[in-house]
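Biologist: Hello! Could you walk me through this structure, with the salt bridges to begin with?

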Amino acid sequence: MTDPTRARIEGLIAGSDVLLFMKGVPAAPQCGFSGALVQILARLDVPFDSVDVLADFAVREGIKAYSNWPTLPQLYVKGEFVGGCDIVREMFHSGELAALLNAKGVVGAQS
Amino acid sequence: MAMSAAEIERLIKAAFPEAQVVIMDLAGDGDHFGARVICETFRGKSRVQQHQMVYAALQGHMGGTLHALALETATPA
């Protein structure tokens, strides 16, 4: 991954409390796993930003190296990698995700 | 060519010889698998770290020839 791509990724992550790297956009996810996380964040009423990696190949590949995580979607909260679809879904169902969001002071997170 | 359940199991067991590994073909299409891996090596590690360990065992296939793997990791009770 080139330095400009790494810098861009770091800027994106630092610039949002909750950031979802996904395929497509929240209104039109292009992959079931990405859509699942959009729904989870919507159900928790969490405001979030997203990055459509289908429109940005360098970020699509760079984010996998950045987080040492081979797939998308990827969720970041306050700059920290939380997980992909499996982990975030598991955390949602166990209540851990709402607890994490509250602990991180993310406004609007419903438990 | 998509990976087979047997190949996924072989790679995971090669990296975690004492693990309990169950592979499920979720969609019956040989392309969407689930894996449950229970191993003492995971103890004390976060879920992200546990999954990263399994992805490392899959030697770069994850996200490539292995399109989707619903992964569940745990330590023995």
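Modeller: Gladly. A salt bridge here is a side-chain nitrogen of Lys or Arg within 4 Å of a carboxyl oxygen of Asp or Glu. Please keep in mind that this is a predicted model.

Biologist: With that cut-off, which residue forms a salt bridge with Lys104(A)?

Modeller: Lys104(A) sits in the segment after helix 5 (96-103) of chain A, and its partner lies 24 residues apart from it, in strand 6 of chain A. The closest N and O atoms of the pair are 2.7 Å apart, and the cut-off is 4 Å. The partner is Glu80(A).

Biologist: Are Lys104(A) and Glu80(A) buried, partly exposed or exposed?

Modeller: Buried means under 20% relative accessible area and exposed means over 50%, with partly exposed in between. Lys104(A) has a relative accessible area of 27%, and Glu80(A) is at 44%. Because both values fall between the two limits, Lys104(A) and Glu80(A) each count as partly exposed.

Biologist: How many salt bridges does a search of the whole structure find?

Modeller: The search runs over all chains. One of the pairs is Arg8(A) with Asp56(A), at 2.6 Å from N to O. Arg8(A) is in helix 1 (residues 3-14) of chain A and Asp56(A) is in the loop between strand 4 (49-52) and helix 3 (57-67), 48 residues apart. The total for the structure is 9.

Biologist: Why does Asp56(A) count as buried?

Modeller: A residue is buried if its relative accessible area is under 20%. Its partner Arg8(A) is partly exposed, at 39%. Asp56(A) counts as buried because its relative accessibility is 19%.

Biologist: Which residue of chain A forms a salt bridge with Arg47(B)?

Modeller: This pair crosses between chains, from helix 2 (residues 47-57) of chain B to helix 4 (residues 85-94) of chain A. Salt bridges that share partners also bring Glu96(A) into one network with the pair. The closest N and O atoms are 2.8 Å apart, and the residue facing Arg47(B) is Glu90(A).

Biologist: Now a charged residue without a partner: how far from Lys23(A) is the nearest side chain of opposite charge?

Modeller: Lys23(A) lies in the loop between strand 1 (18-22) and strand 2 (24-25) of chain A. Among the residues that Lys23(A) touches are Cys31(A), Asp52(A) and Leu72(A). Lys23(A) is buried yet has no salt bridge, and the nearest side chain of opposite charge, Glu61(A), is away by 8.2 Å.

Biologist: You mentioned Cys31(A). What feature does UniProt place there?

Modeller: Cys31(A) is in the loop between strand 3 (28-29) and helix 2 (32-43) of chain A. Cys31(A) is buried, since its relative accessible area is 16%. The unreviewed UniProt entry gives the feature at Cys31(A) as "binding site".

Biologist: Which residue stands opposite Tyr76(A)?

Modeller: Strand 5 (residues 74-77) and strand 6 (residues 80-83) of chain A run antiparallel, joined by 3 bridges. They form a hairpin with 2 residues between them, and Lys78(A) in the turn has a positive phi of about 50°. Opposite Tyr76(A), in strand 6, is Phe81(A).

Biologist: And in chain B, what is the bridge partner of Met24(B)?

Modeller: In chain B, 3 strands form an open sheet in the order 1-2-3, with mixed pairing. Its edge strands are strand 1 (20-25) and strand 3 (68-74). Strand 1 runs antiparallel to strand 2 (residues 32-38), and 6 bridges join the two. In strand 2, the partner of Met24(B) is Gly34(B).

Methods. Residues numbered from 1 in each chain as written. Chains lettered and ligands numbered in written order. Predicted model: local features only at pLDDT ≥ 70, side-chain atom pairs only at ≥ 80, totals over all residues. Heavy atoms only, no water. Pairing = 2+ DSSP bridges. Helix = DSSP H or I, 4+ residues; strand = E, 2+ residues; numbered from the N terminus. Buried < 20%, exposed > 50% of the residue type's maximum accessible area, 1.4 Å probe, protein only. Lys, Arg positive; Asp, Glu negative; His and termini not counted. Contact = heavy atoms within 4.5 Å. UniProt positions renumbered as here; feature names shortened; annotations may be inferred. Lists of a residue's contacts leave out its neighbours within four places in sequence.
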